[in-house]
Amino acid sequence: MRNPMSPGDTPSQRHSTLTISPFISNRSARNHSTSQHQIPAASHGDRLNGERTDPPAAGNRSLSGALNPFHTLINSPLGQKVTKTLSVSSFNTPHQVKVHNGGGNNTSRNNMFGYTVPSTLRKVSLQREYKDPSNFIPKGSSAPQQQDLPGDPSTTTLTTNTVATTAANEIDISELSSVDKLRYWRHDALMQHMLTTAEYVGDKVYSITGDPNDAFWLAQVYYNKGEYIRAINYMAIDSLDSVNVMCRYLMGLCLIELQRYDDALDVVGETNPYASEEIPSAHISEDTETSRSQETTDGGVKLESSLCFLRGKIFCALNNFSSAKDAFKEAIAIDVKNFEAFNELTSKSLLTPQQEWDLIETLDFSILDDNEDIIKNFYVLRLSKLINKERTEAAQRLLAEEYNLDSNVDYIHSNIEILFSQCKFGECLHVCEAYLSKDEFNPKILPIYISCLYEVSAKNKLFLLSHQLTEKFPKKAISWFSVATYYMCMSKLQEARTFFAKSSMLDPTFAPAWLGFAHTYALEGEQDQALSAYSTAARFFPGSHLPNLFLGMQYMSSNTLSLAEEYFTLAYDICDRDPLVLNEMGVMYYKKEDYEKSKKFLKRAAEETRELDSNSKTAISIQTNLGHTYKKLGDYEHAIKCFKYILEDSERDVDTYCTLGFLYLKTNQLQKAVDILHRALAIEPSNQNANEMLVRALELNVAKELDSDHPLVMNSYEMNPLKNRDNTALSRKRTLMPFLQSSGLSKRSKRNEHGPIESPLEGPSKVPSTETNNEMMDLE
Amino acid sequence: MQGDTLESAQLKILEGVKLGLRRSARELSQWKLYKSAKWSAEALHGLTNVTIDTNAADSSTTQDNDSPLRNRINMAIPSSPQVPAEQVSGPYMGLTESEYDLYLFISTLFDCKEFDRCVFFLRDAEEPRLKFLQFYSEYLSWDKKTRESTENVLMTGKPDKKSEKELSEKHLLGSNFLQDNTQKQSEGVFTSETGQQTSLAIILNELRVYLKKLDQRSANTLGLALLHYLKGVLLNRQGNKSHALSAFLESLSYYTFNWTCWLELLDCITRPDESSLILRHLNEKFIIKGDEPVSQNVPENNIMLQFFKLALLQEFNYSGSVDEFFFILENLLILLPNFTYLKSQSAIMNYNYMDYSVAENIFDNIFKCDPYRLEDLDIYSNILYVMQKHSKLAYLAQYVSHVDRFRPETCCIVANYYSARQEHEKSIMYFRRALVLNKKSTSAWTLMGHEFVELKNSHAAIECYRRAVDINERDYKAWFGLGQAYEVLDMHLYSLYYFQKACTLKPLDRRMWQALAECYGLLKNSEQAIECYRRALQLSSNAGQDVLLLFRMAEQYELILDIESCKQNMLKCVALEDSSDGSFVTDETVKARLWLARYEMRMHNYQEAYDYAKRISNGTSQEIEEARTIARNCRQLFN
C-alpha cells in the first residue's frame, strides 16, 4: 500500500487526485495530532459555532458542524458518500437532507454544499474510521479539486473531514498551520469559483512552500479560469508534468482545450506507459492483491484511466478512431468508474452493437461494492438497443422495481430509444415531452425528440424548439441540428445543409448531424457529394451501420450493385437484425435478379418488423418489396396476399393498386382487376400503366364467354328463384363470404387484430422504396 | 279466432319492443349516437296505442323518454329495479362517480362540438363507453378537419368543368383532380402542426389495441357494442368492407337496437348474392349476447332484425323479394302502425318497381301525418318528376325550402324542380349544394350526372356517376349511366364493363341485358351479344320490345353467318307483327321483311320473296324503293 503523500509527493497513476487535496498534506503535517485532540477540538467547534452564527434551534446541535467554516470540505459530496457507504438507510432517505437543509440555514451562509451528516452517522463513521479508514473514500466522479483522501490506518488523523466531524467535533482552524489555513482558504475559494481569490491565495501558498502540489493546485485554478497557456507554462517551469501524473493529466487537458493535439499526445504518450506495469503488478504477489483492493476503494477515478481517456480524446480529435477506441476501452477496463470513456464509446458509435455488449461483459464492476448492480444495469441501458433486447428490458425492470429509478433520465432515455427504434413515434413523443417538461434542454433526450418531431412532421413544435435552443445554446451542436431538421421538414434542403454543417462543425462527433448533412445531398441527387459525406460518416462512426447502409443505398440508386452489396454486407455485419438493412439487401438481390435470395432477406425483414406498428413505412415497404419478389417468382397468390395486406391498413398508393391489378389480370380475375385499376386511376388519372392494363382487362372482358362460369351468369342464377335452389351455385358463392362459417368469423376478427403480424410471415413487398426508407431513418 | 294466445304473444313482443326502443333512445343519445336515438324514439312514437299495464314505473319512464333533456335529469334518479332492461342502474349509469362527472363534462364538450378537447380529457379514461366517446370524438375531429380541407375543393374546384373537359381521352376513366384530392384527403393522415397525427389507421389501431386489452366478458355490453360499431365505421370508411361487416355484426350481437349500425351493415353489402348470404347468416348464426328486453333476445322475435330485412329487401330485389317485403312490412305495421319510416319504405319499394302512383299516394299520406319530416321526400320529388306533375313538384319545392333550406333533401327537391323546368344549370347548382351538405348522397350524384347528360357534357356526367358508385356500389342507375355516357363517347370497351356491373345488380331487368347485348354487338362479339339478347327476350314482357330484340338478334346471327338462325328470328319478327294485326309495324319489322325478301330471292324462292316485298309499305323511301325493285324482279323471274 502506498504511503500517504508527503508534501512533496505526487500521486501515482493508481490514485485519484484525492490524494493531493490539501488535507492530505495537512494530514502529514499534523500527523501527531490524533484523536487526543479531538475533545478540545470539539469544544472549540462549539464555541466557534456559538460565535459565528445565531444559535440554531434546539435539536440542531448535531448540525453545529454545518456551521463550521470547514463546511465546504466537510459537507462536500464526500460527506454524503460516507453516510451512504455506511448506512443504506441514508442512501434512499432524502428526507434527511431535507431536514438538515431546513434545520439550519447554514447552507447559504457558509458554503455551497449544505449538507450535514447526522451525528449518529458521524459517530459510526468515526468508529469505522479507526478500524478501516479506507471505507470512507467513495467519491465517484472525477472532481479532483474537491476531495480529500483518508490515509491508511496508521496515519488516520484529522485530515479526513469525517474525523473532523466526529462526535460533533470540528477541525479547529487555529490548530492548523498557517500554510494549511491558506490552503483551506484557497480550496474553498476554488470550490466557490472565486477564482481570483483562489489564484491570489494559491500563488502565496506556492511562493511560501514551493510544494509541487501547491503548484498543481495553482495550475488547477488557472485551468478553471480558462487560462490554459498560463497553466501549462506554470507546470512547465517546474517541469512538473514529468514528475507528477496529475500535472501531466492537467497539462493534457489544457493542450486539448487549446487544440494542440500533437503536443497533448506528446504529454500523454501514445500508449499507456503503465500498461506494462500492470502485468507485473498483477503477478507480483498476493499481498498486492489486498493492497489493490484497498486502492480501488479510493473512490475516485484512477489517474491511469483518466489518462487513457485523455489519449482517446486526442486520438478522436486527430480522427484516429481505432486508436481512440482502444484507448477508451483501456480506460474503462482500468477503472469502470470512468463513465466518461464509456460514454464516448457508446454515444459516439465507436463500437458495433455486438462489441458494446462484449465490452460490458469484460468489465469488472466489483469495485463498486454496493453500487455494483445499479451501475452495471445503468451501463447496460446505454448499450445498443438493436440487439439483446431482452437484457435491456431485464435491466430496466430491475432498476424500476428494485431501485425505483424509473424516473431517472437514463432509464427514460433507454425507453425512448426502444420506442423510437420500433417506430412508435407518437408514444415516443409523449414520453419525451413528459420528461422534457422537467428538464427542458436535456441533451440526451433532445436528439431523439427532434428526430421524432421530424418523423411526425411537427413543424410548428420544431420551429419553437429550434428558436429556443438557438437562443439559449447558440454554441451547441444540437441547437443547429434542430434548426436543420426544421428545414428538412420544410424541404428546404439548401438551408438544412448549411445548418447541418454548422452543427457538425460545433461537434464533429455528433452523428445525426453528419448523416443529415449527407442526406441533403442524397435527396438532391448529388451522388458524389452524398457518397463522400456518407463515407466520412462511416469513418467517424465505425460502430454504426447506418452510414454503410446509406452508402449502399446510394450505390444502389446509381445501379452499382457490386459496391452496394459490399456496403450492405458491412452494415449487415455490424447489425444483422435491423429490418432496414435486411430490406435493402432484399432489394439489392431483387435488382440483381436473384429473387430467391431476395425473398429470404425480405422475409427475415418482415419478421423483424412484426413488432412494429403495421402502419409504419418500413413495414409497408418491406411488404411491398416482398410482394414484388413473389411476383417475379411467379407466386401470384402470395403476391396478391401481400398487396392486399398492404391495402388493408395503410395509405392508398397508386403503384400498389397497379401491381395488384396486374396480378389479378395475371390470375384472370378480370372483375377484380378492373375494379382495382379503377381505383388506381381515381388517385392518379394519368397513370400510363394502369390505363394500359385497364384496356387490356376490358378487352379480355369482352372476349370472355358468357358461359356458366361467367360471374354475370352465375349471378343471375342466384337471383333467379327457380334455380336458386341450385346448391352448387350457392356453395360456390359461399366461399366468397367467409363470415358465414362461424369459424371464418373468428378467424377474420382475429386477423383483424393481428393483421400486421400474421401476414408478414407469408408476406412479400416494394422495390422503389429506398427513398422512403431513406427519409425515415434520416435522423436516427 | 286464434284469439288470445296470439294476442298475448304479440303483447309480449310489443312490450319487449317498447322497452328496447325506449332504452336505446335514451342510451344512444347519452352516448351521442343521435341518429339512432332519433330513429328509436320515432319508432317508439309510432308504436301501436295499446297500452300495456306492466307497472307504474314503466309508464313513468315513458314520459321521460320523450325528450332527451328530461332523460338526462332522469339519469340522476336511480331507475327502478323492476325494469329488467335497466342494465344501467345506479345514479351514474354504471360509471363511478368521478367517471360520471367526467362524462358530464365530456358530454357538454361534445355537444358544443369541441372534439379535440373531448379527446384530450378522455385520454386516461378506461371505461369502454368513455373510451368509445374518445375514439368517436377523435374520428369526428379528423373527419371535420379533412372535410374542411376538401369542401374548398368541392366549391372552387367544380365550376371549372372546362378544364375537366380538356383532360385527354386517356384520363377519362380516372377521375378528375377533384376526386383525386378528396380521395387522398380522406385516406390521408391529418397532421396538425403540433405533430399530433390522426388518421383512420391510427385511430383504428388504438381502438384495436384497446379492444384487445378489454375483458370482453366483464365489460359493459353497451360499451362493447359502441366500440365495435365504431370499429366497423372506421373500417368501412377505409373501404375494408368485409372486416367492417364482421365488426357491425359483432356490435349488433351486443346491442340490437342501434339502427344506424344496421344501416351501416347494409352499406357493407355490395353484391346481391351477398344479401342472401347475410340473411341466412342472420337467420341461422346470429346470437344476441347483450341483454335485450324479454322477447327481443331471440333473433326470431327481434324486431330490429325484421327492420333490417325490410331494408335489405328494399335495396336488393330479386323475384320473390317483393312478396317477402310486403309480408314483413305488414307484420311490422301491426306493431308500429304510425311509424313513418315503414310507410316511406313501402313507398320506396313501390317506386323501385315503377309503381309510381301508389308510391305517390303513400307519400301524400306521409306528408299529411308528419309534414315536417324531410327524409325521403327527395324520392317523392323524383316520383313527381317522373310522373310529370310539375305543379305539385313546384309546391313541394316551395314548401320544403320554407321548412329548412339547408337540408340535402331540400336541395335535391329544388334541383328536381329546376330540372323539370329544363333549367339544368340551376339544377346542377342545387345538386351541388346538396352534396356539400351531404357528400354521401348517391342519388344526388347520379341525378347530377343525368343533368350533365342533358347538357351533353358526358365527361362531367361520368365524373358524377363515378362518384356515385364510389359511395354506393349498389347504385345500378349510376353504373348504367356510366355505361351510357361512355357509349356516347364511343368507348364501348368501357361501357360494356359498366353495363355488366349494372346487370349484376339488376339481373332481372331487360334493359340491362339489352344494353349489354348492343354493346357486345358493337364490339363485334356476336356470340355474347346473341346470348344477351336471348336473356333479354326471356325477361321481356312487351311484344313491341320483342320485335326489336328478335331483329337485333337476327342481325347478330347474320354477322356470324348463321343464316338459318337469322332467318328464324326474322320469321319470328314477322310472325309477331302478323299476330298483332299490324299494330306493331315498326322499322324493325320492315327491315325483317326486306331481309327475308332478299333472302328468299337469293334462294330463288321468288314467290316468297315477292310476298314479303309486297307487304312492305312503311319505312324509309330507300327501303320502299328496294322492296319495289325486289317485287318487280321477282315477278319477272317467276313469270
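**Close-up views of a predicted two-chain model**

**Figure 1. Helix H15 of chain B and its buried residues.** In H15(B), the residues that count as buried are B:Ile303, B:Met304, B:Leu305, B:Phe307, B:Phe308, B:Lys309, B:Leu310, B:Leu312 and B:Leu313. The coordinates shown here and in the other views come from a predicted model. Helix H15 of chain B covers residues 303-315, and at 1.5 Å a residue its 13 residues should span 18 Å. The end C-alpha atoms are 19 Å apart, which agrees with that expectation.

**Figure 2. B:Ile530 in helix H28 of chain B.** B:Ile530 belongs to helix H28, residues 526-539 of chain B. Is B:Ile530 buried or exposed? B:Ile530 counts as buried because it has 25 C-beta neighbours inside 10 Å, and the cut-off for buried is 20 or more. Leaving aside neighbours within four places in sequence, B:Ile530 makes contact with B:Met553, B:Gln556 and B:Tyr557. The C-alpha atoms of B:Ile530 and B:Glu555 are 9.3 Å apart in space, while the two residues are 25 residues apart in sequence.

**Figure 3. The loop at B:Lys456.** B:Lys456 sits in the loop between helix H23 (442-454) and helix H24 (458-471) of chain B. Its phi is positive, about 65 degrees, although the residue is not a glycine. B:Lys456 counts as exposed because it has 9 C-beta neighbours inside 10 Å, where 12 or fewer is the cut-off. A UniProt record (unreviewed entry) places the feature "repeat: TPR" at residues 442-475 of chain B, among other spans. Residues 442-475 of chain B are 79% helix and 0% strand, with end C-alpha atoms 8 Å apart.

**Figure 4. The loop at B:Asp490.** The loop between helix H25 (476-488) and helix H26 (492-505) of chain B holds B:Asp490. B:Asp490 is not a glycine, yet its phi is positive at about 60 degrees. With 9 other C-beta atoms within 10 Å, B:Asp490 is exposed. The UniProt record also places "repeat: TPR" at residues 476-509 of chain B. Over residues 476-509 of chain B, helix accounts for 79% and strand for 0%, and the end C-alpha atoms lie 11 Å apart.

**Figure 5. Annotated repeats in chain A.** For chain A, UniProt (unreviewed entry) gives "repeat: TPR" at residues 477-510, 511-544, 620-653 and 654-687. Residues 477-510 of chain A are 79% helix and 0% strand, and their end C-alpha atoms are 7 Å apart. Residues 511-544 of chain A are 82% helix and 0% strand, with 9 Å between the end C-alpha atoms. Chain A has 45 helices and 0 strands, and 50% of its 780 residues count as buried. Of the contacts in chain A between residues at least 6 apart in sequence, 60% join residues at least 24 apart.

**Figure 6. Confidence along chain A.** The average pLDDT of chain A is 67, and 62% of the residues score at least 70. Among the elements of chain A, helix H29 (residues 477-489) has the highest mean pLDDT, 90, and helix H44 (residues 742-762) the lowest, 28. Residues 24-170 of chain A stay under 50 in pLDDT, and the model has 245 contacts beyond four places in sequence for them. The pLDDT is also below 50 over residues 277-297 of chain A, a stretch with 8 contacts beyond near neighbours in sequence. Where pLDDT is low, predicted coordinates should not be read in detail.

Conventions. Residues numbered from 1 in each chain as written. Chains lettered and ligands numbered in written order. Predicted model: local features only at pLDDT ≥ 70, side-chain atom pairs only at ≥ 80, totals over all residues. UniProt positions renumbered as here; feature names shortened; annotations may be inferred. Helix = DSSP H or I, 4+ residues; strand = E, 2+ residues; numbered from the N terminus. Contact = placed C-beta atoms within 7 Å. Expected span 1.5 Å × (residues − 1). pLDDT = per-residue confidence, 0-100.
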